[in-house]
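Dear colleague,

I am passing on the structure below for you to look through. My notes on what was found in it follow underneath.

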Amino acid sequence: MTVGLVVWGVAALLSPDSGALRQLAAAGLCAAATVALQHLLVRDRGPDEEQLRTQNVLAETAATVRDGLERHDDDLRTGLARHTEDIRQLVENRLPQQPPGPESYPPLDRVRTEGVPELAKRFAEALAPGPSILYTFVRLEMQRVVGHMAALTSMSVECHGENHDWMLTLTHAAEQSISAISTSVDREFWNSEPASRYLDAQREAIEEHGVPVRRLFLLASARELDDRLLRLCDEQKALHIEVRVAVLPELPPHLQRGTTDDFIVYDEEVSFEIEQDLRDVNVRTRLIARRDHVQDRMKRFRELWDAGMSIRELEVRVDDEEDGTWMVDRA
């Protein structure tokens, strides 16, 4: 055993890079050679004594090898743990110091001001057919549409005149509710082709998606309470649209103040509004999604809705007028 330890130490000094297992094997071979030499030198001793001594030496050699292997395993685990900790500390210390990578996308304000024309040009190059006028048409249309979508990042966008496409698209997009105020300004609208597509979209929203639709007709005068209005309300009621009517001069004073323009609130999240000029001509359409503005619109709608009359009450008023027993206001 002693010889094996000495050889192990000498092997470690002479060849430190050979590895602990190789050094241990060399020590084991030397120890075995020593046992054989001892066996030759003690032939004159009795067999029992010689066998016992050999067993003891072999047992001590095996214990030495086992202890060395265990120490080698412990050293290996300790080294791996220390190496792992060094790598972890290196990652933690170096990564925060690395400069951030380049931005994948430009800031939104730059997209709104600079990116729209270039994006529209690329759409035109990809989609436009041969004639140059169609290329220009596609480029201008895409610039208009993309410009509107970019403006929505500020929760508000507007366009000139009436935009029936926005109204139809929002109707198809609605998932919770549609609440609308219709003034006398748009009374002629209900006889137009866009009105037919609009009512079809609302019918689809109600029947296929379960979206409730409420419409309040806000009248500037009681003179508008006639058969024509009653037929319009009956038509929309047949589509399962909830309809009520309110006459502005007959409302409480606090409800007569405030906005009286047309608006539609979709899902209580975005307001579609049409602005009129002094001649009651629709001159501008807006989409506004600012939370405070939409909440004000919904508050106004609920107050007027609760103060309005039902279809049944409208029928009685119209019948009374036809019989001459009810007088309209003189405003």
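Among the elements of the protein chain in this predicted model, helix α1 (residues 2-14) has the lowest mean pLDDT, 43, and β5 the highest, 96, where pLDDT is the predictor's confidence in each residue, from 0 to 100, and where helices (H or I, at least four residues) and strands (E, at least two) are DSSP runs, numbered from the N terminus. For the protein chain the mean pLDDT is 74, with 60% of residues reaching 70 or more. Two stretches fall below 50: residues 2-18, with 20 contacts in the model beyond near neighbours in sequence, and residues 94-111, with five such contacts, a contact being heavy atoms within 4.5 Å.

As to conventions, residues are numbered from 1 along each chain as its sequence is written. Since the model is predicted, local features need pLDDT of at least 70 and side-chain atom pairs count only at pLDDT 80 or more, while totals for chains, interfaces and linings use all residues, and side-chain values use heavy atoms, with hydrogens and water left out.

Turning to the strands, which pair if DSSP finds at least two bridges between them, β7 (residues 282-288) runs antiparallel to β1 (residues 156-160) and is joined to β1 by five bridges, with Ser-156 partnered by Ile-288 of β7. Strand β6 (residues 270-276) also pairs with β7 in the antiparallel sense, over six bridges, and here Phe-272 has Leu-287 as its bridge partner. Five residues lie between β6 and β7 in the hairpin that they form, and Asp-280 in the turn has a positive phi of about 65°.

A search of the whole structure finds three cavities of 30 Å³ or more, a cavity being a set of points, on a 1 Å grid over the protein atoms alone, where a 1.4 Å probe fits but cannot get out, and lining residues having an atom within 4 Å of a point. The largest has a volume of about 150 Å³, the volume being the space filled by probe spheres set on the points. Its lining comprises 16 residues, of which Met-167, Asp-186, Asp-262, Ile-264 and Ile-274 lie nearest the centre. Two or more lining residues come from each of α6 (164-173), β2 (178-183), β5 (263-266) and β6, and β2 gives the largest share, three residues.

Finally, five aromatic pairs are found in the whole structure, the rings of Phe, Tyr and Trp (its six-membered ring) being paired if their centres lie within 6.5 Å, and counted as stacked with planes under 30 degrees apart, edge-to-face over 60 and tilted for the rest. Phe-301 and Trp-305 have ring centres 5.6 Å apart and planes at 25°, so this pair is stacked.

With regards

Notes. 1 Å grid on protein atoms, 1.4 Å probe; cavity = no way out; pocket = protein on both sides within 12 Å on 5 of 7 lines; lining within 4 Å.
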